[in-house]
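Colleague: Could you take me on a close tour of one part of this structure? I'd like to know what packs and what pairs there, and how the surroundings look.

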Protein chains: 2
Amino acid sequence: MSLNKTGLAILGILSRGPQTGYDVKKVFSSIAGHFWQASYGQIYPLLKKLNAQGLVKHKTHKPNLRQAKNIYALTAQGRKSLRHWLRSPVESHPWRIEILLRLFFGRQVPVAENIRQIEIYRRHKQDEILRLEEIERHLREEHAEDPDQPYYLLTVDYGQKVVRACLDWCEQSLARLRELEKQGYDKQKAKPFDCSNCESLAKKHDK
Amino acid sequence: MSLNKTGLAILGILSRGPQTGYDVKKVFSSIAGHFWQASYGQIYPLLKKLNAQGLVKHKTHKPNLRQAKNIYALTAQGRKSLRHWLRSPVESHPWRIEILLRLFFGRQVPVAENIRQIEIYRRHKQDEILRLEEIERHLREEHAEDPDQPYYLLTVDYGQKVVRACLDWCEQSLARLRELEKQGYDKQKAKPFDCSNCESLAKKHDK
DNA sequence: TAGAGCATGTAATAGGTTACATGATTAG
DNA sequence: CTAATCATGTAACCTATTACATGCTCTA
C-alpha cells in the first residue's frame, strides 16, 4: 500500500472527475505545474499501479475497432486514501537551489561572472512571474464558477510571493556584487581558510 | 565526462582545501545544507567516480596500521571543470511544494483541516528562519576573515527572504480560509466543473 | 567503559527523466 | 495532404535515500 506523492497527486486530479492519463498530464502542464510536475513516463505506470491497488478503476472506451482510450476514475478506496493523506501532517522538505550552489563557489570566478549569472536567473524569475499571472488570469476568468477556485488561487499566490522575494534578492545581490567588484575583490589574495566551528552547526542539524 | 550537480558541488567544496568524504558531508550539514544536500551514500561513490575521471586525487593518510583515511584534493582538471561549470548559464528548475499539492485538493476535506496544515507548515518555516539566523550568526562571527564570506552571506539572505515570503503567505492564507469557513464553504454542493480552456495554458507551457 | 564522534563503504530500493515507438484523428 | 493533437506505453538511465555493516579514537 505504499504510495508516493505523485501517485497521490494523480488520485487528487481524478477526484475532479474521470479522465485519461493524457488528461492528467494536462493538469500538470497547466494549473498545477508551478508546484508539481509529472511526465508520461511516470503517469502511465502509476495509473497501472493505482489500478492494481484498487484505488482507481478504468473503463476502456472504444469509439471504433482500432482505437481505445482508458478513462480512469477514483474508487471509494482511492477517495479514502486521498482524504487520509490530506489529513496527515505536512512535512518539511529541503530545497535545492542551483544559483546558490554556484554563488557558494563564486570566488572561483571573477565577480562579473556571478553578476551575469544572477542576471540570467532574474530573467528566469521574470518569466515565471508572467506565467503565474497568466494562470491567475485564467483562474479568475474561466474558473469563476469552479468550487475549487479559492484553493487554486492560494497556490498561485504562493508562487507570486516567493518569486517576487527572489527578484528582490536578485536586485540586492546585484548591488552588493557591483560594490564588491568596485572594491577590488577579484584582486585579493586567496588565503586558505578553515572553520573548525562549522562542526557545531552540523551537529545541531543532523539531530 | 558527464558530471551531475552534486558532483560539481563536491568539486566546489574541495576547492576550499583537501579533505575527507566525511568532511565534505559536514559542509552539507552546516553552511550549505539550506540550499543543497548530499548523503554519504552519494558522496563516497561520487568521490570514487571523480577520482576515476581525474578530477580529484587522494592521499591515504595512515596515522597507524589499523586506520586509514582518504584525503581528497582537486586536480588541475577538476578545478578547470568547476570553473567551466560556474561560467555556464544557470538554468530554471521546477519546484515541488507539497503544501500546495495538498491545498490544490483542499476541497476534499473540511476547511479546518487545511487551516491546520498551514499552521503546521508555518511552524516548519519558523524553524527554518531560526536555522538560517543561526547560520548567519556563525558566518558573521566565525567567518569574518573568510574571503568567501560575502558569497556565503548571499545564500543565507536568499533563504531568509524566501522563507519570510512563505510566512507572509501563511498569514494571508489562514485569514482567507477562516473567512471561507465562516461563509459556509464546507456546506456547498460539490458541482462538477470542467475547464476545457485549461488546454490552451498547457499548450503554451509545453513549448 | 560507554557513548559520541570519526571514518568508509555497499546494497536495495525509490523516484524520476528522456528517448523511443506506435498509431489514430482532426483542422487547415 | 500535412501538421498538430490525441493517446498509450516501454526501456534505459540517472539521481538519491535508507538501512546496513564495520571498526577506530577520544572524552567524561
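**Where helices cross and charges pair**

Modeller: Happy to! Let's start where two helices from separate chains meet: α8(A) and α2(B) are roughly perpendicular to each other. Please keep in mind that this is a predicted model. Helix α8 of chain A covers residues 198-206, and helix α2 of chain B covers residues 21-29. Their axes lie 8 Å apart and cross at an angle of about 70°. The pair counts as roughly perpendicular because that class runs from 65 to 115 degrees. On the chain A side, the contact is made by Glu199(A), Leu201(A), Ala202(A), His205(A) and Asp206(A). Facing them from α2(B) are Lys25(B), Lys26(B) and Ser29(B).

Now stay with α8 of chain A and look at a charged residue there. Lys204(A) makes a salt bridge with Glu134(B), with 2.6 Å between the closest N and O atoms. This pair crosses between chains, running from helix α8 of chain A to helix α6 (residues 111-142) of chain B. What is the relative accessible area of Glu134(B), and is this residue buried or exposed? Its value is 17%, so Glu134(B) is buried, the limit being under 20%.

There is a pairing between Glu134(A) and Lys204(B) to look at as well. These two form a salt bridge whose closest N and O atoms are 2.5 Å apart. Here the pair goes from Glu134(A) in helix α6 (residues 111-142) of chain A across to Lys204(B) in helix α8 (residues 198-206) of chain B. Glu134(A) is buried, with a relative accessible area of 17%. Its partner Lys204(B) has 48% relative accessibility and therefore counts as partly exposed, since exposed would need over 50%. As a general point, side chains of opposite charge can pair when their charged atoms come close.

Salt bridges turn up within a single helix too. Arg102(A) and Glu98(A) join their side chains in one, at 2.8 Å from N to O. Both residues belong to helix α5 (residues 98-104) of chain A, where they sit four residues apart, about one turn of the helix. Arg102(A) and Glu98(A) are both buried. For the overall tally, counting a Lys or Arg side-chain nitrogen within 4 Å of an Asp or Glu carboxyl oxygen gives 31 salt bridges over all chains.

Back to helix packing, this time inside chain A. Helix α1 (residues 5-14) of chain A packs against α3(A) at an angle of about 80°, and the two axes are 10 Å apart. That angle makes α1(A) roughly perpendicular to α3(A). From α1(A), the contact uses Thr6(A), Gly7(A), Ile10(A), Leu11(A) and Leu14(A). From α3(A), the residues taking part are Gln42(A), Ile43(A), Leu46(A), Leu47(A) and Leu50(A).

Helix α3 of chain A spans residues 40-52 and also holds Tyr44(A). With 41% relative accessibility, Tyr44(A) counts as partly exposed. Together with Tyr22(A) and Tyr40(A), Tyr44(A) forms a nonpolar patch on the surface, and the three share about 330 Å² of accessible area.

Three single residues round off the tour. Gln160(B) lies in helix α7 (residues 149-182) of chain B. Its relative accessibility is 6%, so Gln160(B) counts as buried. Apart from neighbours within four places in sequence, Gln160(B) contacts Ile129(B), Leu132(B), Glu133(B) and Glu136(B).

Gln77(B), in helix α4 (residues 76-87) of chain B, is partly exposed at 38% relative accessibility. Leaving out residues up to four places away in sequence, Gln77(B) touches Gly54(B) and Leu55(B). Gln77(B) and Lys5(B) are 72 residues apart along the chain, and their C-alpha atoms are separated by 17 Å.

Finally, Ala68(A) sits in the loop between β1 (56-61) and β2 (69-74) of chain A. Ala68(A) is partly exposed, at 47% relative accessibility. With residues up to four places away in sequence set aside, Ala68(A) touches Thr60(A), His61(A) and Lys62(A). From the C-alpha atom of Ala68(A) to that of Leu177(A), 109 residues away along the chain, the separation is 59 Å.

How values were computed
Residues are numbered from 1 along each chain as its sequence is written. Chains are lettered from A and ligands numbered from 1 in the order in which they are written. Side-chain values use heavy atoms; hydrogens and water are left out. Patches are made of residues with over 30% relative accessible area and no salt bridge: like charges are joined within 9 Å, nonpolar side chains (Val, Leu, Ile, Met, Phe, Trp, Tyr) within 5 Å. Accessible areas come from the Shrake-Rupley method with a 1.4 Å probe; for residues, only the protein chains shown count as cover. Buried means under 20% relative accessible area, exposed over 50%, partly exposed in between (1.4 Å probe, protein chains only). Axes are lines fitted to C-alpha atoms, for helices over the stretch in contact, and angles run from 0 to 180 degrees between N-to-C directions. Angles under 35 degrees count as roughly parallel, over 145 as roughly antiparallel, 65 to 115 as roughly perpendicular and the rest as oblique. Contact means heavy atoms within 4.5 Å.
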